[in-house]
Amino acid sequence: MPDAVVIGAGPNGLVAANLMVDAGWSVEVLEAQPEPGGAVRSDRGVHPDYVSDVFSAFYPLAVASPVLAGLDLAAEGLRWSHAPRVLAHPLADGRCAVLERRVEDTCAGLAGFAAADGDAWRALYEGWARLGPDLVRSLFAPFPPVRSGLRLAARLRTAGGLRLARNLALPVRRLGEEVFAGEGGRLLLAGNALHADLAPEAAGSGGFGWLMSMLGQSHGFPVPAGGSGELTAALVNRLRRRGGVLRCGERVVSVAVRGGRAVGVETAGGESVRAHRAVLADTSAPALYRDLVGEEHLPGRLVRDLERFQWDFATFKVDWALTGPVPWTAPQAAGAGTVHLADGVDGLTRFAAQLAMGQVPEEPFVLFGQMTTADPSRSPVGTESAWAYTHLPQRITSDAGRDGITGCWDAREQEAMADRVEQQVERFAPGFRARIAARRILAPTTLQALNENLHNGAINNGTTALHQQAVFRPTPGTGRPETPVKGLFLASAAAHPGGGVHGAPGANAARAALRSHGLHSLLHRAQRV
C-alpha cells in the first residue's frame, strides 16, 4: 500500500509525486492516458520529420518557478532553447511590436511607435526587477503567502506599492493607455493578457498582461529542447529514479471515502488502490467533486458553489509542418518564437466581445508558435514546425463569420475553423498556405479527449478572472489544496494559483499532505541535500 496515490500524471501531479517521494513517502501515480504529461506532450503526429507540441509549447512560468528549480530537472537532461526574439505582434501596415531578449532592444523598438515609450517600458521592467522575484514566490506559495508576502509587502512600501497595486488591478487597455503613447507597448501587454481568458477591458487583465510581458523580458518564452515532452520525461525520470511508481492507462473512476477520509481509489478495471496517508487529484474541480467523490460526501455549500464554477475559454488549435519559414510581411516577426495576430487592441476587444456573446469570432486572435525558430531540432533545416491556437466560447450561440459553425465539430466545422485561422495568418504572411506540407486539427472536443482536464478545450482549468482566483479558486473558501474530505487534496490548476506550467498547485498539495502528517520540515531538508 503506497503512502499516497496521485490521480493524473500531468505536470502538477508529477511535481506533487516528486516532492512526496523526496520526503520519504511511497507514491503511486495513476494516469488515464497511455502516456504521462497531461498538457505537456509532444509527438511526430503531423509529419514524421517534425516534432510538434500537442498542447502547451512555451514555458516562461516554468523557468521562473522556484518549485521546478528546486527539482533540478537539468540533472535529468532537461535543456531550454530560445528563439532570437521572444514575441512579435505585426500590424497590417508593416509595423511590428517586438519583445526582444534584451530590454535595451525592446525599448528601442517601442520608441519607434512613440519616442517616450522606450523609457516607459524600461520603467515597467525596473519595477519588475525590484519586485518580480518576491512576487513570483508569493504567487506560487500556498495561500496566504505569509513569509514571501511579508517580504513583498516590505518592498512595496518602498517601491510605490499602492500605485503598482492599482496598475495590476487595471484593465489592460487602460494600463496601456496610461503608460504608453504609441500602439506597440499596448499591443504587447494586451496580447499577453489574452493568453488567458482576460479581455482588454477586464479588471485585472493589466496585471496578467504585465506579468507575462515582464516574464518574457526577464526569462524569455523558452521551449524544452527536443519537444515539450522532454519536460515531462525529466519529471518522470526523476520520480522513477527515486522510487516512485507511474502507471499509465489506469483511469480512476472514484475516490474511496470511509468515515469522511479518502482511503484510496477505484480504477475502471475494477482495481482498488489503497492509500495509507493521502490521495492527491490532478483533475478538474468539477470532476473531482462530482464524479470521483460524489455529492453525498460533500457539504451542501460546496455543491451549490460548483454550479457557479466558470471554465475559461475553449481552445481550437492547428499544427503544421511547413516547407519553409513563414513569409511575414513584417520581417521582425521572423525571429520570434511567439507571434500574436490581431488588428491592434481594438481587434482584441472585438474578438473578446464576440466570445462574450457566445459567437465564433469572425477574425480570430491567433497565437502562433514558430517552434523550429525556437528550437532548431524540431524539423529539418530550412523548414518550420508551427502551430496556432485561438479561443472560442465554451457554449457557441452563433458564428460571427460565414461558415455557420455551431460547435458540433464534425469534419466540416473543423476544416472551416482551421481555414479561418489560416486566413488570419495569410493576412500577415501572404503565401503562408502554399508552404503547408501537412496539418493537424485539434478541436475543443479533441483536446478534451486527449486530456480530460481540458474541458471542451479549456486550458487553464477554470477562468483566470478575479472572481475565481486566490480564496475564490476553485470555489469560495480558503484558496488552499485541502478539501472537505480528510486526506484528499486538489493538486491541479483548478487550485490556487491556477493555470500555467509551473508546478505550484501540485507542490502546494504535496506540502499540505505532508504537513497533515508533520513531515513538511522533512521535505525542506530533503530538498537541500
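Q: Which sign does the phi of Gly220 have, just after helix 10?
A: The phi of Gly220 is positive, at about 75 degrees, and this residue follows directly on helix 10. Helices and strands are DSSP runs numbered from the N terminus (a helix is H or I with at least four residues, a strand is E with at least two). The model is predicted, with local features requiring pLDDT of at least 70 and side-chain atom pairs counting only at pLDDT 80 or more, while totals for chains, interfaces and linings use all residues. Residues are numbered from 1 along each chain as its sequence is written, and side-chain values use heavy atoms, with hydrogens and water left out.

Q: How do you know that the span of helix 10 agrees with its number of residues?
A: The expected span is 1.5 Å times one less than the number of residues. For the 15 residues of helix 10 (residues 205-219) this gives 21 Å, and the end C-alpha atoms are 21 Å apart, so the two values agree.

Q: Why is helix 10 called largely enclosed by the rest of the structure?
A: A residue is buried under 20% relative accessible area, exposed over 50%, and partly exposed in between (1.4 Å probe, protein chains only). In helix 10, 12 of the 15 residues are buried, and therefore the helix is described as largely enclosed. Among them are Trp210, Leu211, Met212 and Gln217.

Q: What makes strand 9 and strand 21 the edges of their sheet?
A: The open sheet has 5 strands in the order 9-2-1-13-21, with parallel pairing. Strand 9 (245-248) and strand 21 (488-490) each have a single partner strand, so one side of each lacks a neighbour in the sheet. From one strand to the next, the twist averages 20 degrees.

Q: How do you know that strand 2 and strand 9 pair?
A: Two strands pair if DSSP finds at least two bridges between them. Strand 2 (residues 27-31) and strand 9 have 4 bridges in the parallel sense, so the condition of at least two is met. One bridge joins Leu30 to Arg247 in strand 9.

Q: Which strands does strand 15 pair with, and in which sense?
A: Strand 6 (residues 85-90) pairs with strand 15 in the parallel sense over 3 bridges, and Leu87 has Thr338 of strand 15 as its bridge partner. Strand 17 (residues 366-370) pairs with strand 15 in the antiparallel sense over 4 bridges, with His340 opposite Leu367. Strand 15 (residues 336-341) is largely enclosed by the rest of the structure, because 6 of its 6 residues are buried.

Q: What makes a set of residues a nonpolar core?
A: Such a core is a set of buried Ala, Val, Leu, Ile, Met, Phe, Trp, Tyr and Cys residues joined through side-chain atoms within 4.5 Å. The largest one here has 52 residues, and Phe58 and Trp121 have the most contacts inside it. Helix 5 (residues 117-140) gives the largest share of this core, 7 residues. A second, separate core of 39 residues includes Ala9, Ala23, Leu71 and Leu231.

Q: How do you know that Cys96 is in no disulfide?
A: A disulfide is a pair of cysteine sulfur atoms within 2.5 Å. By this rule the count is 0. The cysteine sulfur nearest to that of Cys96 belongs to Cys107 and is 16 Å away; likewise, Cys107 is in no disulfide, its nearest cysteine sulfur being that of Cys96. Cys96 has a relative accessible area of 8% and is therefore buried, and Cys107, at 6%, counts as buried as well.

Q: Why is Val253 called partly exposed?
A: The relative accessible area of Val253 is 38%, so this residue belongs to the class between buried and exposed. Val253 lies in strand 10 (residues 252-258). Contact means heavy atoms within 4.5 Å, and, leaving aside neighbours within four places in sequence, the contacts of Val253 include Glu266, Asp291 and Leu292. Val253 and Asp291 are 38 residues apart in sequence, yet their C-alpha atoms are 7.5 Å apart in space.

Q: Why is Thr232 called buried?
A: Thr232 has 6% relative accessibility and therefore counts as buried. This residue is in helix 11 (residues 229-241). Beyond its neighbours within four places in sequence, Thr232 is in contact with Leu14, Pro36, Gly37 and Val40.

Technical notes
Axes are lines fitted to C-alpha atoms, for helices over the stretch in contact, and angles run from 0 to 180 degrees between N-to-C directions.
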